[in-house]
Amino acid sequence: MAEPVSQNAPEDDPDRSEEDKPRLSRSEERGGSRRRRAKPAKKRSFWKELPILLVIALVLTILIQTFLAKVFMIPSGSMEATLHGCPGCTGDRILVDRVTYDFTEPSPGDVIVFKGPPAWTNNEVPPQESSNIIVRGLRGLGSLVGFAPPDERDFVKRVIAVGGQTVQCCDTQGRVVVDGKALDEPYVHWEDAANQTEHTFEPVKVPAGTVWVMGDNRNNSDDSRFQGGGGVNGAVPVDNIIGKARIIVLPPSRWGGISDHNPQESAQPVALGAPAWQSGFPLGAGIAAAWPALFLGRKLKSGLRRAAGRHR
C-alpha cells in the first residue's frame, strides 16, 4: 500500500539535511544577505533638523514678502487714529498686499505704502547705520518681518486724488475738494478737537501716473501738501507704490482690516470760496457806484423842487 504524500514542500521538512535542500542561486543568496544586514534608517535628531527648518522658513519669508505681501511697522502718528504709530508707543504692524496694483490702479481711499520720491527724501536725514555687523544683520532681519523700521524711506498715507483730478482746500466748511466736490472723510483725526481746521492750499492738478496722498491725522502729517514744497512736487508716482495696506496684524488688541472708504463716492458739489480780493469786489463796486447814484439823486431832487416852484 502506497504511503500518502506529505503536503509540505520538500524545503519545509525540518528533518531534511542541508545536502537534500535545494541550492539557491547567487543572486538569491546576495539578496538574502542584504536583507539580513539591512538596518532601519536612523532619524535625524530635532536639533539637527532645526537649522534646516529655519533656513527654509527664512527663504519662504523672503519670497512671500518680495512678491506677495510684506509686514511694515508704522513709525509715526500721521495716520492716527486709523493706524497707531505715536512716539514712545508700540506702532501697529500692517500686512501690505503687493499683488493688487499689478492688476488694478490705486483708488481714492486706499491706504498705501510707498517709497518716497526724490522730492520727499532729498531733505531727509538718512538713518544712522550701525558699524556693528551683527546689529545691522538683526536690524535687517527685523525689518524683513516687520519688527523694526525699514532702512529705506517708506511712507504710509491715504490716496485722496488720482492723476488728472484737481484737488484743493478748502470749501466754506473746511473740507478738501476734488473736481469741485467736497470729500466725505469720516477717517480724519483731529488731535485738537477744538481746532478742526484744514491747511489751505491752491488747486493742484494731479499729474498723470501719480496720486495725491494725505495723512488721516490731518494737522500732523507731512504729505503731498508740504513735501517738495507742495503742488505737483508733492504727488507720488504710482511706480513708487509698494502695495495696499490690508490688515493690522500686531499687536493682537489691534487686529482688524484697514478702512479703504472712498471719500469721493459721496462727495457733494460745492461753491468754492473766492479769493479775498474777489470776495471784496461786489462791496467795492457797490461803494464806487454809490457816489454817482447819490449825486444823481440830489440833482433829480433839486430839479423837481425848481419845477414845482415855477408852477406856483
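**Entry 1. Asp92 and its surroundings**

I began with the contacts of Asp92 in this predicted model. Setting aside neighbours within four places in sequence, I found Asp92 in contact with Phe72, Met73, Ile74, Thr82, Leu83, His84, Ile248, Leu250, Pro251 and Arg254. The residue sits in the loop between strand 1 and strand 2. I then asked whether Asp92 is buried or exposed. Its relative accessible area is 0%, so I recorded Asp92 as buried, the cut-off being under 20%. For the side chain, I noted a polar contact of 2.8 Å between Asp92 and Arg254. Arg254 is also in the contact list of Asp92 given above.

**Entry 2. Strand 2 and its partners**

I next followed the chain into strand 2, residues 93-97. Of its 5 residues, 4 are buried, and I therefore describe strand 2 as largely enclosed by the rest of the structure. Which strands pair with strand 2? Strand 1, residues 69-73, pairs with strand 2 in the antiparallel sense, over 5 bridges. Within that pairing I located Phe72, whose bridge partner in strand 2 is Ile94. Strand 11, residues 241-250, also pairs with strand 2 in the antiparallel sense, again over 5 bridges. Here I noted Arg93, whose bridge partner in strand 11 is Leu250. Phe72 and Leu250 both appear among the contacts of Asp92 as well. As background, I recorded that strands of a sheet pair through backbone hydrogen bonds, either parallel or antiparallel.

**Entry 3. Val99**

I looked up Val99, which lies in the loop between strand 2 and strand 3 (111-115). Its relative accessible area is 25%, so I entered Val99 as partly exposed. Not counting residues up to four places away in sequence, Val99 touches Phe67 and Leu68. I also checked Val99 against Gly243: the two are 144 residues apart in sequence, yet their C-alpha atoms are 7.2 Å apart in space. Gly243 falls within the range of strand 11, residues 241-250.

**Entry 4. The annotated active site**

I turned to the UniProt record. Its unreviewed entry carries the annotation "active site" on Ser78 and Lys157. These positions are spread over 80 residues of sequence but cluster in space, with a largest C-alpha distance of 7.9 Å.

Where does Ser78 lie? I found Ser78 in the loop between strand 1 and strand 2, the loop that also holds Asp92. With a relative accessibility of 6%, Ser78 counts as buried. Apart from neighbours within four places in sequence, Ser78 is in contact with Val156, Lys157, Gly215, Asp216, Asn217, Asn220 and Ser221. The side chain of Ser78 also forms a polar contact of 3.5 Å with the side chain of Ser76.

Lys157 is placed in strand 4, residues 154-162. I recorded Lys157 as buried too, at 4% relative accessibility. The side chains of the two annotated residues, Lys157 and Ser78, make a polar contact of 3.0 Å.

**Entry 5. The annotated transmembrane region**

From the unreviewed UniProt entry I also took the feature "transmembrane region", placed at residues 52-73. I compared this range with the model. Over residues 52-73 the chain is 73% helix and 23% strand, and the C-alpha atoms at its ends are 28 Å apart. Strand 1, residues 69-73, falls inside the annotated range.

**Entry 6. A separate look at the five-stranded sheet**

I traced an open sheet of 5 strands in the order 8-5-6-7-13, with antiparallel pairing. Strand 8 (201-205) and strand 13 (268-269) stand at its edges; each has a single partner strand, so one side of each is left without a neighbour in the sheet. Within the sheet I examined strand 6, residues 176-178, and strand 7, residues 181-182, which pair in the antiparallel sense over 2 bridges. In this pairing Val178 stands opposite Lys181 of strand 7.

**Entry 7. Totals for the protein**

I closed with the overall values. The secondary structure amounts to 6 helices and 13 strands. Of the 312 residues, 31% are buried. The accessible surface is about 20900 Å², and carbon and sulfur atoms account for 57% of that surface. What share of the contacts with a separation of 6 or more joins residues 24 or more positions apart? I recorded 74%.

Key: Residues numbered from 1 in each chain as written. Predicted model: local features only at pLDDT ≥ 70, side-chain atom pairs only at ≥ 80, totals over all residues. Heavy atoms only, no water. Buried < 20%, exposed > 50% of the residue type's maximum accessible area, 1.4 Å probe, protein only. Pairing = 2+ DSSP bridges. Contact = heavy atoms within 4.5 Å. Areas by Shrake-Rupley, 256 points an atom, 1.4 Å probe, with all protein chains shown as cover. UniProt positions renumbered as here; feature names shortened; annotations may be inferred. Polar contact = N/O pair within 3.5 Å; in protein donor to acceptor, adjacent residues only side chain to side chain.
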